[in-house]
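Here is a walk through the strands, a few odd backbone spots and the contact between two chains. Have the structure open and follow along.

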Amino acid sequence: MAIADLDLDLDLELFAGPFDLLMAVVLREEVSLLDLQLGEVVVAYVEHLEREGELELEVATEFLVLIAALLELKSRLMLPGPEEELDDLSPEEAIEELLARMLEYRRYSEASKLLSDRFESQRGYLYRSAPLPAELRRVAVDAATAVYDPDALGAALGDLLTEPPDVDISHIRPTVSLERRLRALRDVLRSRPSFDFDEEFGGEDRLTQAVTVFGLLELYRKGEITWEQDRSCGPIRVKKATPDAIHKGA
Amino acid sequence: MSDLSRTIEALLFLSPQPVPAADLARATEATEGQVAEAIELLREDLAEGKRGVVLREVSGGFALASDPGSEEAARRLLSKPRTPPLTQAQAETLAIVAYLQPVTRPEVARIRGVTSESAVQSLAERGLIEESGRSQFGAAIFKTSELFERLFGLSGMDQLPDPSRFDPSPEDERDLRERLLKAGEQRAEP
């Protein structure tokens, strides 16, 4: 399908009819490209696309190329060529423009004479050009005299460089959360069905171990574990509870 | 002369820049009204022709300057020759900057009808104009400097006369137009 088959009926200010006919009359210069609103053609095409609901890629491409070419042609027509510009300016207009520029220049040329005269008339007045004596300046490092002993500054900085003693935090009690110990126990049980308490938690401090034992009791109460201990203070073997074991333990 | 006048005279003697009245009031812990009064006394005392220094109101402040009568001797003492007078190009450029500031060099060139690079540069070197930023197209923007006001004896830029007073009279404008028309006709003749 080519652009000639494009069923695009235009109803523009300047032209009413199919798109291919518009192209033909523009090319034959029967319709002036300068007067033609190309935006209207594009809008009409977009509306046509919406109505049709589908995009013929080949036709759309050809349409874009054509519109782009027309736009370029139109923009060239709208820009005046260098010779045209000169032709457009009538001798009267040219003189008026020249006159305006001359008058503007004359204004500043006259002002410049006044400035030159003023410059000459003022040249006899001489002002202090030397800077203020150093001791009178508001900020002058060179002229500043020492007020403080540098050793005092050194001592102050030295104090800052000594590391302060460690802060005693012995009064702060460590806390162990039962909840966290339960989570630790369940984590271990998830990876294997039974474990030795000392092997798993023997490295923890006494308080943590105690709370973990408390956690064992809690899990036992909930029926999640059972354990075995052959003798008093002997190793504890913790096992994940099976329904059977719970029954037995209970 | 009052104590305040004497103090102000001393401050102006010490200061390398013109001192605004407000600064004088702050330094002397006096009101601006008292300062204005003291300045008037000082102005009478240092009127031209009376003493070796004169009181001048320049660049938004007050300053002491040497009396013009002592200029030659001062220049000999300080081995400081007169700077050359302004060239026509410099004076025109300076007028355009002074009246249209802030202004770019292309704008100066447009009005003068010739490139004005060297005039702008010389004025900048003489410290009469200075760069005050860049236009949106990157051209340097110029304005007049504090030195300009001091050297031209202006207490502020509003002291410059209205530029419309330089505009030619309607008769001059008519003459100019006729001369242009005649010149155009002569050129059109084969």
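L126(A) has S66(B) as its bridge partner in β2(B). Right beside that in the account comes Y127(A), which stands opposite A65(B), again in β2(B). Those residues belong to a strand pairing that crosses from chain to chain: β3 of chain A, residues 126–127, and β2(B) pair in the antiparallel sense over 2 bridges. Keep in mind that this is a predicted model.

So what else does β2(B) do? Strand β2 of chain B covers residues 61–66, and 5 of its 6 residues are buried. Within chain B, β2(B) is joined by 6 bridges to β1 of chain B, residues 53–58, and these two strands run antiparallel. One pair to look up is E57(B), which stands opposite F62(B) in β2(B). The two strands make a hairpin with 2 residues between them.

**Odd backbone spots in chain B**

The turn of that hairpin holds S59(B), whose phi is positive, about 50°. S59(B) is not a glycine, and its place is in the loop between β1 and β2 of chain B. Is S59(B) buried or exposed? S59(B) counts as buried because it has 23 C-beta neighbours inside 10 Å, and the cut-off for buried is 20 or more.

A second serine, S79(B), also gets a positive phi, near 50°, in a residue other than glycine. S79(B) lies in the loop between α4 (71–78) and α5 of chain B. Here the surroundings are sparse by count: S79(B) is exposed because 6 other C-beta atoms lie within 10 Å, where 12 or fewer is the limit for exposed.

The two serines, set out for reference:

| Residue | Phi | C-beta count within 10 Å |
|---|---|---|
| S59(B) | about 50° | 23 neighbours, buried |
| S79(B) | near 50° | 6 other atoms, exposed |

There is also a cis peptide bond in chain B, joining Q101(B) and P102(B), with omega about -5°. P102(B) lies in the loop between α5 (88–100) and β3 (103–104) of chain B.

**A sheet in chain A**

Now over to chain A. An open sheet of 3 strands runs in the order β4-β6-β5, with antiparallel pairing. Its edge strands are β4 (194–196) and β5 (225–229), each pairing on one side only. From one strand to the next, the twist averages 20°. β4(A) is joined to β6 of chain A, residues 236–240, by 3 bridges, and the two run antiparallel. For a landmark there, find S194(A), whose bridge partner in β6(A) is K239(A). Helix α9 of chain A, residues 206–221, packs on this sheet and touches β5 and β6 of chain A. The direction of α9(A) makes about 125° with that of β5(A).

**Where the chains meet**

How many residues of chain A are in contact with chain B? The count is 32 residues of chain A, in contact with 37 residues of chain B. On the chain A side, the elements that give two or more residues are α5 (91–122) and β3 of chain A. Of these, α5(A) gives the most, with 22 residues. Sorted by class, the side of chain A that touches chain B has 19 nonpolar, 5 polar and 8 charged residues. And β3(A) brings us back to the start, since that strand pairs with β2(B) in the antiparallel sense.

Conventions
Residues are numbered from 1 along each chain as its sequence is written. Chains are lettered from A and ligands numbered from 1 in the order in which they are written. This is a predicted model: local features need pLDDT of at least 70, side-chain atom pairs count only at pLDDT 80 or more; totals for chains, interfaces and linings use all residues. Helices (H or I, at least four residues) and strands (E, at least two) are DSSP runs, numbered from the N terminus. Two strands pair if DSSP finds at least two bridges between them. Axes are lines fitted to C-alpha atoms, for helices over the stretch in contact, and angles run from 0 to 180 degrees between N-to-C directions. Two residues are in contact if their C-beta atoms, placed from the backbone, lie within 7 Å. Ala, Val, Leu, Ile, Met, Phe, Trp, Tyr, Cys and Pro count as nonpolar, Asp, Glu, Lys and Arg as charged, and the others, Gly among them, as polar.
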